[in-house]
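This briefing sets out selected features of one protein chain for a structural reader. Please view the sequence and the structure together while reading.

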Amino acid sequence: MGDGLADAQDGYKLTSMTTELPAGKDTAYKFQIMGPDGKPVTAFAADQTKKMHFYAIRSDLAGFQHLHPTMAGDGSWTAGLSSLEPGTWRTYASFIPDSGEGKGKDLVLSRTVTVPGEAKKTPLPEAASSTEVDGYTVTVKGVLMAGMAHPTTVSISKDGKPVTDLQPYLDTYAHLTAFHEGDQAFAHLHPETETKDGNGGPDPAFQALLPKPGSWRMFLQFRTGGKLHTAALT
Ligand SMILES: [Cu+2]
């Protein structure tokens with residue numbers, strides 16, 4: 001798998017008529033995946049229960065959105081984005097073709113869109129091994145090294161106690177993606193912890209493979225009590 005920065009790979013291309021989206025309101029981003037035969041791809045294999053994983057992030061790695069768009073019969077996808085702040089955004093489509101030359105290939109393609117207005121750059125928060133979200137403390141354990149897969153665990157606690165009521169989300173107890181400062185290279189860190197019947201926690205494990213050195217912004221998503229939480233750390 002590449003770094004997700006190209007709009008085309010192995011004959012597949014992410015296409016969209018959209019180069020600009022409005023700021024400050026919910027908006028729809030439409031796109032298609034064109035196959036090596038020049039036609040829109042309509043057959044996709046489910047990956048972590050979804051046929052398409054879509055991400056949007058601003059160039060300063062703020063404003064992360066992770067969505068599951070819907071596909072029309074002609075292969076056109078619509079992602080319903082929440083309000084965007086002005087700036088340059090990168091949109092990623094992560095999918096596995098289920099027919100044709102690229103059947104079974106794990107592909108991540110991206111494009112950029114401009115959101116007009118006065119863009120305020122958010123400085124990348126300092127590197128930290130733990131962060132807080134919605135009353136939960138999320139701590140990443142493990143040494144991350146560029147280009148090598150490393151086992152990594154994420155510990156989730158609340159009020160000083162390990163959390164054991166994680167609910168399955170996309171066939172896992174925690175979903176982890178990372179974006180590289182500067183070029184917005186993408187990494188999806190694959191979960192090692194299988195979902196069993198019932199709840200999980202407090203330490204979901206991953207194989208963390210970050211393709212290049214530098215600063216990465218990690219987004220960890222987990223679900224408790226039917227609510228999705230997104231923790232971010234550098
Ligand atoms: Cu997804």
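How many bridges join strand β1 to β2, and in which sense do the strands run? Strand β1 (residues 8-9) is joined to β2 by 2 bridges, and the strands run antiparallel. The model is a predicted one. The chain is divided into domain 1 (8-115) and domain 2 (130-233). The points below treat strand pairing at the start of domain 1, the contact between the domains, a hairpin of domain 2, and selected loop residues.

**Strands β1, β2 and β3**

- Within the β1 and β2 pair, Q9 has Y12 of β2 as its bridge partner.
- The two strands β1 and β2 form a hairpin with 2 residues between them. In the turn, D10 has a positive phi of about 50°.
- Strand β2 (residues 12-15) has two faces: Y12 and L14 make up the covered one, while K13 and T15 make up the uncovered one.
- Strand β2 also pairs with strand β3 (residues 27-34), in the antiparallel sense and over 3 bridges.
- In that second pairing, T15 has Q32 of β3 as its bridge partner. T15 thus belongs to the uncovered face of β2, and Y12, the partner of Q9, belongs to the covered face.

**Contact between the domains**

- The C-alpha centres of domain 1 and domain 2 lie 22 Å apart.
- The contact takes 13 residues from domain 1 and 14 residues from domain 2.
- On the side of domain 1 that touches domain 2, β5 and β9 (87-97) each supply at least two residues.
- Strand β9 gives the most to this side of domain 1, with 3 residues.
- By class, the side of domain 1 that touches domain 2 has 6 nonpolar, 5 polar and 2 charged residues.

**Hairpin β18 and β19**

- Strand β18 (residues 216-224) pairs with strand β19 (residues 227-233) in the antiparallel sense, over 7 bridges.
- F222 has H229 of β19 as its bridge partner.
- The hairpin formed by β18 and β19 has 2 residues between the strands, and G225 in the turn has a positive phi of about 50°.

**Loop between β14 and β15**

- Y169 lies in the loop between β14 and β15. L170 lies in this loop as well, with β14 spanning 161-162 and β15 spanning 175-180.
- Y169 counts as partly exposed because it has 18 C-beta neighbours inside 10 Å, a count between the limits of 12 for exposed and 20 for buried.
- Leaving aside neighbours within four places in sequence, Y169 is in contact with H175, Q221, F222, R223 and L228. Among them, F222 is the bridge partner of H229.
- Y169 and Q48 are 121 residues apart in sequence, and their C-alpha atoms are 8.7 Å apart in space.
- L170 is not a glycine, although its phi is positive at about 55°.
- L170 counts as partly exposed because 18 C-beta neighbours lie inside 10 Å.

**Positive phi at L61**

- Most residues other than glycine have a negative phi.
- L61, a residue other than glycine, has a positive phi near 65°.
- L61 lies in the loop between β5 (53-58) and β6 (65-67).
- Is L61 buried or exposed? L61 is buried, because 23 other C-beta atoms lie within 10 Å, and 20 or more suffice for that class.

Note on methods:
Residues are numbered from 1 along each chain as its sequence is written. This is a predicted model: local features need pLDDT of at least 70, side-chain atom pairs count only at pLDDT 80 or more; totals for chains, interfaces and linings use all residues. Helices (H or I, at least four residues) and strands (E, at least two) are DSSP runs, numbered from the N terminus. Two strands pair if DSSP finds at least two bridges between them. Domain bounds come from an automatic or database domain assignment. Two residues are in contact if their C-beta atoms, placed from the backbone, lie within 7 Å. Ala, Val, Leu, Ile, Met, Phe, Trp, Tyr, Cys and Pro count as nonpolar, Asp, Glu, Lys and Arg as charged, and the others, Gly among them, as polar.
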